[in-house]
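Dear colleague,

I am handing over the structure that you will be working with, and below it I have written out what was found in it. Please keep it open beside you while you read.

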Amino acid sequence: MKNEKKIQQSINRREMLKKSGLALAAAPFYFGLNSCVSGAKKTMDADVIIVGAGLAGLNAALLFEQAGFKVKIVEATDRLGGRVHTAKESDVPGHPELGGNGIGGGYARVLDAAQKYGVSMGPMRPRTEARKGELVYRIKNNFILPEEWPTHDLNTLPEGYRKGLPAYVTWGHFGKINPLPENDLAAWRDPKYKDWDKSTYSVLKDEGFSDDDIKLVMGTNSSYGVDAQNISIMMYFQILTWIGQQNASTGKGGAIVGGNQRLPEAMAAAFKQDIMLSSPVKSIASEADATTITLDNGNTLRAPYCLVTLPASALRRIQISPSAQGIQQKGFQNLDYTPVVQLHYVPKKKYWEEDGLPPSMWCDNLAGRFMALKNDLQDPDRVTSCVAFLNSNVALEIDKMKQEDAIALVTKTLEDIRPSLKGALDFTYYWTWVNNPYAGGAYAYWKPGEITDFANNLADPIGRIHFAGEHTAVMNRGMEGAMESGERAAFELMDLLG
Ligand SMILES: Cc1cc2nc3c(=O)[nH]c(=O)nc-3n(C[C@H](O)[C@H](O)[C@H](O)COP(=O)(O)OP(=O)(O)OC[C@H]3O[C@@H](n4cnc5c(N)ncnc54)[C@H](O)[C@@H]3O)c2cc1C
C-alpha cells in the first residue's frame, strides 16, 4: 500500500513535470531534494549519471532533481555550457559569443529557463550579420558593395539569384520547393520525404548554377556543413520550416544579458547536486543492473542509468559497451559537425574611416566573414572588437595549422586585401570548435541520405545508456534543440526509474 502510494506520487509528479515541460509553463516545481529517491543502492553514486554539462545535460539534470531523483553530472572541461560559450571580457572586449548566439522568439524552453533561473534577456548581438550599409563583399579580389553586386561583371549567378548576399540567394528557392508541412516540425525525419534527402548540389545544378557559382553560394562562409555536395537539401527544408515557426511565435528572443553562458551557469547554480568539472569520461559500460562510467583518471562511477549528452563527434572518442550496432553505429561514426574557427581582434583605429569602405567584409578567401562587432549596450554604435569568423573548407584549412601560423596567415590576408587594416588590429583571441575533442565542430549537419539512414536511431538507448544532445532533437535546432533533447531523455528515463 505504502509502495503504491509512492508510485502514484511519482507518476503524478512526472505527469506534472511533463505538462510543465511541454506546455513550458514558468511555474517552478520543487519537491524537495531526494524526497523520492528511487531506491539508489549503496553501491550507486546516483540514480542517473549525466555526461556533459551543456544545455541538454543541465536541463535533464534539473528535471530529474525536481522529480526527486539523485543525479550527478560529469563534465570534461572546467566550464559549464558546452557549446554555449561567451568569451571573457578580459579576452575579447564586448565578450562576444564563441558558440550559441541567437535565441529565437520561439525558444520556449530557453526563454522559460532564463526566466526561471533569473537571467535577463537583452537585444540580439549580431555576429555574422552586418547592419545595413556596414558590409562590403570581397569576391575574386574585388571589393563590391551590395548595391553594385546584382549588375556586377563578376556576378555570374543565374537570373533570379543575382541580388543579395551570395550565401543567402538560394534560400528563397529552397523555401518555394520545401515539401514539408509548415506546422509539422518533425516531418523532416518522415521517410515519406526521403526522396528529398539528396544533395543540395543536385538541386542547384537543376537550377542552372555552374560549379563555381555553387561554390560561391554554398561553399563560402556557409553556416552549415562544408559544401553543397555534402549537405542534404532536407536539412535546409527543416531549417526553413523551423524558422517559419520561430517567426510566427509571439515570444521575444535576443540574447542573455552578460552573455549566453550566464544561462547554463544559472541552471547549474539552481541544481543542488554534484557537478564534476574537469572530469573527461573515457568509457561507459551498460551491465545487467547498472552502468559504470570510467573517467580518464581511472575513477569510476556507478548508477542504474547513464544519460550521455555529447555530440556524436565527441561520443566517437569514448568507448561505449556494448557498442552501438548497425545504423546507430553508422550514425555515431559519420555524423559531421560544421567547422568553425574564430580569430578575434581589437581595432586600434577606425580603419573604415580611412578607406571609406564599410567596416565588415564577406570574403571568399581566408579572411572569411570579417565582422566589426558592436557589443556595448551603453554605446551600441561602438565597434568593440572584430572577428574573422571562418567556416567551410577555410575553417578546416586554418584549423590544421599551428595556431601562431594560422593567426599570422589570416592577419596577413586581412592586411593584404585591405591596406587600412595594416597595423590597425590587435590580435586578442583564437578559438576553434573543430580541433576540440569535446565538440568536434559547431553543430551537426546532415549529408545526403543520412537523415533517412540514421536520424531516427541516434537516440536509441543502448542497454541502460540513454542519449540526448542537439543532434538528437526532433522539433527544434541549436540551443532550443539541446533543451528539447534533455527534456525528452529525462522523461524517457523517469518512466524507467519509476
Ligand atoms: C559557433 C556556434 C554557433 C552557434 N549558433 C547558434 C545560434 O545562433 N543559435 C542556437 O540556437 N544555437 C547555436 N549553436 C548551437 C548550440 O550552441 C548547440 O546546439 C547547443 O549548445 C548544444 O548543447 P548540447 O547540450 O547538446 O551539447 P554541448 O553544449 O556540446 O554539451 C556537451 C557537453 O559534453 C562535454 N563533453 C564532451 N566530451 C566529454 C567527455 N568525454 N566527458 C565528459 N564530458 C564531455 C562537453 O564539454 C560539453 O560541455 C551554435 C553553436 C556554435 C558552436
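**Around the ligand**

The residues that form the shell around the ligand divide into 21 nonpolar, 13 polar and 4 charged. Please bear in mind, as you look at them, that this is a predicted model. In total 38 residues surround the ligand, and the closest are Gly52, Gly54, Gly82, Gly100 and Gly478. Two elements, helix H2 (55-66) and helix H15 (478-497), give two or more residues to this shell, and H15 gives the most, with 5 residues.

**Helix H8**

Which residues of helix H8, which covers residues 262-270, are buried? They are Arg262, Leu263, Pro264, Glu265, Met267 and Ala268, and what covers them includes H2, helix H3 (108-116), strand S6 (255-256) and strand S7 (274-276). H2 therefore deserves a second look, as a helix that gives two or more residues to the shell around the ligand and is also among the elements that cover the buried residues of H8.

**How far to trust the model**

The chain averages a pLDDT of 93, and 92% of the residues score at least 70, while the model as a whole scores ipTM 1.00 and pTM 0.93. Two stretches call for care: pLDDT stays under 50 over residues 1-13, for which the model has 7 contacts beyond four places in sequence, and pLDDT also stays under 50 over residues 19-41, for which the model has 40 such contacts.

With best wishes

Key:
Residues are numbered from 1 along each chain as its sequence is written. This is a predicted model: local features need pLDDT of at least 70, side-chain atom pairs count only at pLDDT 80 or more; totals for chains, interfaces and linings use all residues. A residue is near a molecule or strand if its C-beta atom, placed from the backbone, lies within 6 Å of it. Helices (H or I, at least four residues) and strands (E, at least two) are DSSP runs, numbered from the N terminus. Ala, Val, Leu, Ile, Met, Phe, Trp, Tyr, Cys and Pro count as nonpolar, Asp, Glu, Lys and Arg as charged, and the others, Gly among them, as polar. A residue is buried if 20 or more other C-beta atoms lie within 10 Å of its own, exposed if 12 or fewer, and partly exposed in between; C-beta atoms are placed from the backbone. pLDDT is the predictor's confidence in each residue, from 0 to 100.
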